[in-house]
Every structure is written in structure tokens, then in C-alpha cells.
Amino acid sequence: MLELLAIPAWNTPPKTVEDWTEALQSQGAVVTLERESPAAVWLEVGALRFRGYALCEGRKLEAINFELADPDPAPALKLLEAAAATLGWELHADDDEDSDDD
């Protein structure tokens, strides 16, 4: 599984879960949302086998941890890169440095 952290680029205006949903849908994705708490929601694109755990402060989206489960993550990655670019966000690969500490 590939994990990516999406965060706002420097000096990017605040975005919401709805902004991310619209950006993904504008690329042709069908997005489902599952609210876990007032401060957290899952965004899922089942057709591409990925989901993102979004952390919010009020309506403002702070970060999204995406999990890409498909053996070929290229289509999901392409979609996420396009949505992130539209919104002024950055994607960073999870290099799993902390896994040895557990």
C-alpha cells in the first residue's frame, strides 16, 4: 500500500473537505464521504481503491492521509496529483521512518 500526505502549500487559502471532493469529482471520480467525528472524515474513491483520512479544524482542512491500495497506484496518483495542483496542495510520500520505533 502506498501512503501519501496531502498538506496545503505555503500561503494557500484554506480549503474544505467539499473543495477536495469537488476537485476529485471534476477529474471524473465518484467520491463517498464517511464522517468519523466533527474533526475527521474519510474520503473514498472505490473505483481506484483509495481513501483519505481528512483532519479538520472547524471547516478548514488541515491535512489528508491518503492510502492507495491498488497494486497499480498510477491512476489514483494521477487523480490525486491533479486535484492537489488545482487546490494548491502538496503530496508527500510516507517514507515510513517511524515504523522501526514501534
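Among contacts in the protein chain between residues at least 6 apart in sequence, what share joins residues at least 24 apart? The share is 54%. Keep in mind as you read that this is a predicted model. Here is a quick tour, from the overall fold to the core.

**Fold and dimensions**
- The protein chain contains two helices and six strands, and these follow the order β-α-β-β-β-β-α-β from the N terminus on.
- A compact globule of 102 residues would have a radius of gyration near 13 Å, and the protein chain agrees with its own 13 Å.
- Along the principal axes, the C-alpha trace spans about 35 × 30 × 25 Å.

**Surface and charge**
- About 6,200 Å² of the protein chain is exposed, with carbon and sulfur atoms supplying 50% of that area.
- The chain carries 7 positive and 22 negative charges, and the mean positions of the two sets lie 10 Å apart.

**The nonpolar core**
- Of the 102 residues, 32% count as buried.
- In soluble globular proteins, nonpolar side chains tend to be buried together.
- The largest nonpolar core here has 25 residues, and Trp 20, Leu 24, Phe 50 and Phe 66 touch the most other members.
- At least two residues of this core come from each of β1 (2-8), α1 (17-25), β3 (40-45), β4 (50-57), β5 (60-68) and α2 (74-87).
- Helix α2 gives the largest share of this core, with six residues.
- For a closer look, try Leu 24: leaving aside neighbours within four places in sequence, Leu 24 is in contact with Ala 29, Val 31, Leu 43, Phe 50, Leu 79, Leu 80 and Ala 83.

Notes. Residues numbered from 1 in each chain as written. Predicted model: local features only at pLDDT ≥ 70, side-chain atom pairs only at ≥ 80, totals over all residues. Heavy atoms only, no water. Helix = DSSP H or I, 4+ residues; strand = E, 2+ residues; numbered from the N terminus. Rg over C-alpha atoms; globule rule 2.2 N^0.38 Å. Buried < 20%, exposed > 50% of the residue type's maximum accessible area, 1.4 Å probe, protein only. Contact = heavy atoms within 4.5 Å. Areas by Shrake-Rupley, 256 points an atom, 1.4 Å probe, with all protein chains shown as cover. Lys, Arg positive; Asp, Glu negative; His and termini not counted. Charge placed at Lys NZ, Arg CZ, Asp CG, Glu CD. Core = buried A, V, L, I, M, F, W, Y, C linked by side-chain atoms within 4.5 Å.
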